[in-house]
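Here are a few notes on the pockets and on one helix, set out as numbered points. Please read them alongside the structure.

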Amino acid sequence: MSTIGFIGGSGIYEALPLNDVREVEFETPYGEPSDAVTIGEFTDTGRDVAFLPRHGSDHGASPTDLPYRANMYALKKAGVTHVFASNAVGSLREELEPGTLVVPDQIYDRTKHRDLSFYGDGVVVHQPFADPYSPALVDHLTEAAREASDTDTPVKKGGTYVCIEGPQYSTRAESEFYRSQGWDVVGMTAIPEAKLAREAEIAYATIAGVTDYDVWKEDSEVTLEEVLANAERNQSAIKAAVEEAVRTLPDDHTCEAHTALEGTVNTPPEAIPEETRKRVEPLLGEYL
C-alpha cells in the first residue's frame, strides 16, 4: 500500500487520525530537510502518512531559501508515492474571496534564485511538465475538498498559480500584470516543489487557501496580520479536505507521474560520474 506525503504548515498532521506516530530523521545529498518527517498510520486504513512542515517547526526560512530538494528526497526515501500539499495564496480574481479553497492545475514560474532539479553534474534529464500537478490527483483532491467542506467554504477546481520569489509581496504593477495574464492565485512555494515531485515520480497536488486579494484590488494592501489570520481560519477546511483525500484514495491508485522518468534520461549511463550516479540512485536507479 502506498504511503501518502503531506507538505504544509505545522500542526495540520496533528488533526489527522494517526496511530503509532514517530519522527524519522533523513540524511540527503541535498542537505538537511526542513524538519524530521512525522510518520503515522492513518486510522482504519492501514496506510502510512508522512508529514513534513515546509518551513520547519519554527518557520525560520523564507520561501526562496527552503530546502525543497532535501524535503522531497526525504519523502521519496520514506516511500511516499503521493503528496498532498497546502499553500496560502493571494487571489487575483474578484470571485476568489479569502476563505476560498483552490486546487490549481497550472503553474507559472516567476522565481529566479532556486535550485529547480535533482539532476545535473553529469546527468541530463529532460522531463515533460505540461501538467505540473498530477491531473488524477487534482480531481481526487477537489472531490475530497468539496465532500468535506461546509456550504460556507467554496472550492474551485483548476486555475493557474503564479509562483513568485518573495519574501516580499507583489507590487501593484506586478499584481495587475498577473491578473492581465488570466492567472488566478499568487504564492511563493509551488516551485520547485511540483518540479521535484515529478522528478521523483511522486504524484503531486495542492490545496491552496486564499488569504487576501493581493494588491490589485482597490484599497487592498496585503499585511502579514491579514494573511496569518485568514490562513488560520482556512486551516480547518484544509485539514478536513486532506483527511478526506487520504481516507478515500484507492489503495492501488496510480497515475502517469509514477512513470514520469521513462525515456527522459539524455545521458548514457556509462557516462554518468560515479558520485552523481550514487546521489541520484534512489530517484533514477531503475533507468540507469
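1. The largest pocket in this predicted model has a volume of about 1000 Å³. Its lining is made up of 42 residues, and those closest to the pocket centre are His55, His59, Ala88, Val227 and Leu228.

2. Four elements each give two or more residues to the lining of the largest pocket: strands S5 (80–91), S10 (185–187) and S11 (203–212), together with helix H5 (224–248). H5 gives the most, with nine residues.

3. Sorted by class, the lining of the largest pocket holds 19 polar, 17 nonpolar and six charged residues.

4. The second largest pocket encloses about 220 Å³ of space. It is lined by 14 residues, of which Asp131, Pro135, Arg198, Glu256 and Ala257 are the closest to its centre. The lining of this second largest pocket divides into eight nonpolar, four charged and two polar residues.

5. Turning to helix H6, which spans residues 274–284, the buried positions are Thr276, Arg279, Val280, Leu283 and Leu284. Why do they lie on the same side of H6? Because they cover an arc of only 120° around the axis. Buried here means under 20% relative accessible area.

6. Glu274, Glu275 and Lys278 are exposed, and they sit on the face of H6 turned away from its buried side. Helix H1 (68–77) is included in what covers the buried residues of H6.

Key. Residues are numbered from 1 along each chain as its sequence is written. This is a predicted model: local features need pLDDT of at least 70, side-chain atom pairs count only at pLDDT 80 or more; totals for chains, interfaces and linings use all residues. Side-chain values use heavy atoms; hydrogens and water are left out. Buried means under 20% relative accessible area, exposed over 50%, partly exposed in between (1.4 Å probe, protein chains only). The arc is that of the directions from the helix axis to the C-beta atoms. Contact means heavy atoms within 4.5 Å. On a 1 Å grid over the protein atoms alone, a cavity is a set of points where a 1.4 Å probe fits but cannot get out, and a pocket is an open set with protein on both sides within 12 Å along at least five of seven lines; lining residues have an atom within 4 Å of a point. Grid points are joined across faces, edges and corners, and a volume is the space filled by probe spheres set on the points. Ala, Val, Leu, Ile, Met, Phe, Trp, Tyr, Cys and Pro count as nonpolar, Asp, Glu, Lys and Arg as charged, and the others, Gly among them, as polar.
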